[in-house]
Amino acid sequence: MVKPTRAGKPPHFNGKGAAIHDHVVATMRAVLASDEAYPYLDPAANRLLDEARSSFLDLQLDSSSIIAHGEGVLIFPWVGTRKLQTLTLALLAREFKASHFGHAIELQECEAEKAMEALRDIAGSPAPSGEELAARLAQPALAKFDTFLSDHLMRLVTMVERISAKDLPLIAANALGNQTTHEVA
């Protein structure tokens, strides 16, 4: 049974949290793209939602998945954690300086056109082997007993539980979306 804390403070969770499913990310995007009101939100939550929607529209994320940011670009593929990780690993395999940046992939020292070119290439190529991508994961041991697995078994766990190599061409094609890009102010 869940009980409120005496101090009324939210609970603290250690760790990085669970993976986010594609459906959750799609719902987040739909909420940001809509103007639907949610009567159960308190005033502070409504203000935060309005700010998020304003940023979403200001960045033109309703029509573009790639935006210039500083010396690089941000790619918003609007997919869950597994697919985001998969695309990040594929970009690393192509020698990009790629990393997760919230729900986006940050490519450092990269122009938008080069990112679109790489996504087009990934989208038009056969899916790579999961083992090839899994081998690039910097920290594959995440679960409690992962440290006891051999490198080969750890790659197999990563292929099954943490990436989605077979979906990579579709992930890249969807990330291309509308191919217009713009600069973050």
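A residue counts as exposed when its relative accessible area is over 50%, and as buried when that value is under 20%. With that in hand, here is a quick tour of this predicted model. We will visit two loop residues, Trp-78 and Glu-95, that have a positive phi, and then the packing of helix α4 against helix α7.

**Two loop residues with positive phi**

- As background, most residues other than glycine have a negative phi.
- Trp-78 has a phi near 55°, a positive value in a residue that is not glycine.
- You will find Trp-78 in the loop that runs between β2 (72–75) and α3 (81–93).
- Trp-78 counts as buried because its relative accessibility is 17%, with the cut-off at under 20%.
- Glu-95 also has a positive phi, near 70°, and is not a glycine either.
- Look for Glu-95 in the loop between α3 and β3 (97–101).
- Glu-95 has a relative accessibility of 66%, so this residue counts as exposed.

**Helix α4 against helix α7**

- Two packed helices are described by the angle between their axes and the distance between the axes.
- Helix α4 (residues 112–123) packs with helix α7 (residues 168–176) at an angle of about 145°, and their axes are 7 Å apart.
- The crossing of α4 past α7 is left-handed.
- On the α4 side, the contact is made by Met-116, Leu-119, Arg-120, Ile-122 and Ala-123.
- On the α7 side, Leu-168, Pro-169, Ala-172, Ala-173, Ala-175 and Leu-176 take part.
- Sorted by character, the residues of this contact are ten nonpolar, no polar and one charged.

How values were computed. Residues numbered from 1 in each chain as written. Predicted model: local features only at pLDDT ≥ 70, side-chain atom pairs only at ≥ 80, totals over all residues. Heavy atoms only, no water. Helix = DSSP H or I, 4+ residues; strand = E, 2+ residues; numbered from the N terminus. Buried < 20%, exposed > 50% of the residue type's maximum accessible area, 1.4 Å probe, protein only. Axes fitted to C-alpha atoms, helices over the stretch in contact; angles between N-to-C directions. Left-handed = near helix turned anticlockwise from the far one by under 90°. Contact = heavy atoms within 4.5 Å. Nonpolar A, V, L, I, M, F, W, Y, C, P; charged D, E, K, R; others polar.
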